[in-house]
Amino acid sequence: MRALNSPLEVGVRALVLLAASFPRPLDLAQLVYLDYAMLHSGEMDGPPSVHPSLPASPGELAMKRQLLEQGLVVLMRAGLADVQTNEGGLMYRASEEGPGFLDLLEAPYLAALRERAQWALAFHNRMPTDGRAAMDDITQRWMDAFESRLPRREGDDD
């Protein structure tokens, strides 16, 4: 069993976000963005990041969607989250039991996630853009950081 990014761990992170937004539901794109923001808040001028930035970070968003889908299945099977449909597609929400379940868990990591989830939701709500534009901003930051590390060639303009 893998410990990091297992369906259980990602499901708990999703539940933290869903409980913080309760009773408002979130779609999968919002969960992908908010999970990234919650874990890497320091990159967005928020509180210190819970997870370190790694060279493989650009691939993280691509993997997150599938991992979150698996984590949401775990939550729904346990009765901790519900899915509903609207004109925009599937929306996920913590069940009535979800926030109470989180209250039973005690760990510094979970406390940090809960704090960052509140910050990520407030940050997201202040943004005038949708989740796709926010993810584009993250990708652009990675590209800029990557390009700044490339050696300068003769004749390159500033």
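A residue is taken as buried here when its relative accessible area is under 20%. Met44, in this predicted model, has a relative accessibility of 7%, so it counts as buried. Met44 sits in the loop that links α2 (28–39) to α3 (60–77). Ala120 is 76 residues away from Met44 in sequence, yet the two C-alpha atoms are 9.4 Å apart in space.

Right next door in the chain, things look rather different for Asp45, which belongs to the loop between α2 and α3. With a relative accessible area of 76%, Asp45 is exposed, since the cut-off for that label is over 50%. Asp45 also has a positive phi, about 60°, despite not being a glycine.

Stepping back to the whole chain, there are six helices and two strands. Read from the N terminus, the order of elements is α-α-α-β-β-α-α-α. Of the 158 residues in the chain, 39% are buried. As for contacts between residues at least 6 apart in sequence, 67% of them join residues at least 24 apart. The exposed surface of the chain comes to about 9,400 Å², and 56% of that is supplied by carbon and sulfur atoms.

How two packed helices sit together is described by the angle between their axes and the distance between the axes. For α1 (residues 7–21) and α3, the packing angle is about 80° and the axes are 7 Å apart. That angle falls in the 65 to 115 degree range, so α1 and α3 count as roughly perpendicular to each other. On the α1 side, the contact is made by Pro7, Leu8, Val10, Gly11, Arg13, Ala14, Leu15 and Leu18; on the α3 side, they meet Lys64, Leu67, Leu68, Gln70, Gly71, Leu72, Val74 and Leu75. Sorted by type, the residues of this contact come out as 11 nonpolar, three polar and two charged.

Both flanks of α1 have something to show as well. Ser6 is placed in the segment before α1, and its relative accessibility is 5%, so Ser6 counts as buried. The Ser6 side chain reaches the backbone nitrogen of Glu9 at 3.1 Å. Turning to the loop between α1 and α2, this is where Pro23 is found. The peptide bond joining Phe22 and Pro23 is cis, with an omega of about 5°.

Technical notes
Residues numbered from 1 in each chain as written. Predicted model: local features only at pLDDT ≥ 70, side-chain atom pairs only at ≥ 80, totals over all residues. Heavy atoms only, no water. Helix = DSSP H or I, 4+ residues; strand = E, 2+ residues; numbered from the N terminus. Buried < 20%, exposed > 50% of the residue type's maximum accessible area, 1.4 Å probe, protein only. Axes fitted to C-alpha atoms, helices over the stretch in contact; angles between N-to-C directions. Parallel < 35°, antiparallel > 145°, perpendicular 65-115°, else oblique. Contact = heavy atoms within 4.5 Å. Nonpolar A, V, L, I, M, F, W, Y, C, P; charged D, E, K, R; others polar. Polar contact = N/O pair within 3.5 Å; in protein donor to acceptor, adjacent residues only side chain to side chain. Areas by Shrake-Rupley, 256 points an atom, 1.4 Å probe, with all protein chains shown as cover.
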